[in-house]
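Trainee: I have a new model open and would like to learn how to read its features. Could you walk me through it?

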Amino acid sequence: MEDSRRQSPMRTVLLVCAAALLSCAGLSVVVARTAQPAEAAERDRAEAQWATRTFSRYQLLLSDKRCLQSIEVRDERVVEVAPNRCEPPPRTITDLFTLIRRDGSVSIPCIALGCACDDVIRVRATYDATLGFPKTIEVRMSAQPNWRHPDYWERLVQRRALPDCTVLPEGSKVIRVMSVTPLP
């Protein structure tokens with residue numbers, strides 16, 4: 001009987017902590033989602049602008065991971081690449097918009113501490129004022145707590161501390177569209 005009284009305050013503390021953490025997680029999701037509509041609206045506007053172009057064939061000069069590619073695109077399909085020695089595969093403007101839409105998505109699940117951390121992709125872009133294509137795309141990968149997985153909560157209870165996903169390195173790259181030239 002005495003043991004159950006000692007555990008009761010501990011359980012209460014754990015439940016209060018878990019409720020506080022859930023409230024903080026929910027608030028952070030709300031704050032993050034209020035910033036996303038403006039970026040999504042800008043992306044949608046740029047993509048709609050790109051869709052109104054008068055050509056279906058173009059030459060795309062693209063720099064990705066400091067490797068320059070000249071890509072010929074017809075009907076949003078890559079038809080030729082020069083040079084074709086870059087690590088990233090050649091992309092079309094449609095592919096770049098698809099990459100931008102991945103902002104906030106999990107790139108690699110369960111990257112650390114069991115499944116307590118996921119690798120999340122963050123994408124920021126600027127767009128051409130005339131045609132709407134993405135001019136620069138910054139892609140950043142960072143480990144984020146995966147509070148939806150039981151491993152996250154298990155670590156919290158066992159260690160009495162939040163899982164530290166910041167110990168993993170961040171990675172980033174910038175993709176630059178140097179030019180888009182319509183072809184006949």
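Mentor: Gladly! Let's start with a term: a disulfide is a pair of cysteine sulfur atoms within 2.5 Å. Bear in mind as we go that this is a predicted model.

Trainee: How many disulfides does the structure hold, and which cysteines are joined?

Mentor: In general, a disulfide is a covalent bond between the sulfur atoms of two cysteines. Here there is one disulfide, and it joins cysteine 67 to cysteine 86, with an S to S distance of 1.8 Å.

Trainee: Which parts does the pair tie together?

Mentor: Cysteine 67 lies in strand S2 (residues 67-74), while cysteine 86 sits in the loop between strand S3 (77-82) and helix H2 (93-101), so the bond ties together parts that are 19 residues apart in sequence.

Trainee: Is the disulfide left-handed or right-handed?

Mentor: Look at the torsion about the S-S bond: for cysteine 67 and cysteine 86 the value is about -75°, so this disulfide is left-handed.

Trainee: And are the two cysteines buried or exposed?

Mentor: The cut-off to use is under 20% relative accessible area for buried. Cysteine 67 counts as buried at 18%, and cysteine 86 is buried too, at 11%.

Trainee: On to the interior. Which residues have the most contacts inside the largest nonpolar core?

Mentor: The general idea is that in soluble globular proteins, nonpolar side chains tend to be buried together. In this model the largest nonpolar core has 24 residues, and those with the most contacts inside it are Trp50, Tyr58, Leu60, Ile93, Ile137 and Val180. Among the elements that give two or more residues are helix H1 (2-51), strand S1 (57-64) and strand S7 (171-182). The largest share, five residues, comes from H2. A second, separate core of six residues includes Ala112, Ala116, Cys117 and Cys165.

Trainee: What is tryptophan 50 in contact with, leaving aside its neighbours within four places in sequence?

Mentor: Its contacts include Phe55, Tyr58, Glu76, Ile93, Phe97 and Val180.

Trainee: Now the sheet. In what order do the strands come?

Mentor: Seven strands form an open sheet in the order S3-S2-S1-S7-S6-S5-S4, with antiparallel pairing. S3 and strand S4 (106-112) are the edge strands, each pairing on one side only. From one strand to the next, the twist averages 25°. S5 and S6 pair over 11 bridges, and arginine 122 has arginine 140 in S6 as its bridge partner.

Trainee: Where does H2 lie?

Mentor: H2 lies across S1, S5, S6 and S7, and runs at about 30° to S6.

Technical notes:
Residues numbered from 1 in each chain as written. Predicted model: local features only at pLDDT ≥ 70, side-chain atom pairs only at ≥ 80, totals over all residues. Heavy atoms only, no water. Helix = DSSP H or I, 4+ residues; strand = E, 2+ residues; numbered from the N terminus. Buried < 20%, exposed > 50% of the residue type's maximum accessible area, 1.4 Å probe, protein only. Core = buried A, V, L, I, M, F, W, Y, C linked by side-chain atoms within 4.5 Å. Contact = heavy atoms within 4.5 Å. Pairing = 2+ DSSP bridges. Axes fitted to C-alpha atoms, helices over the stretch in contact; angles between N-to-C directions.
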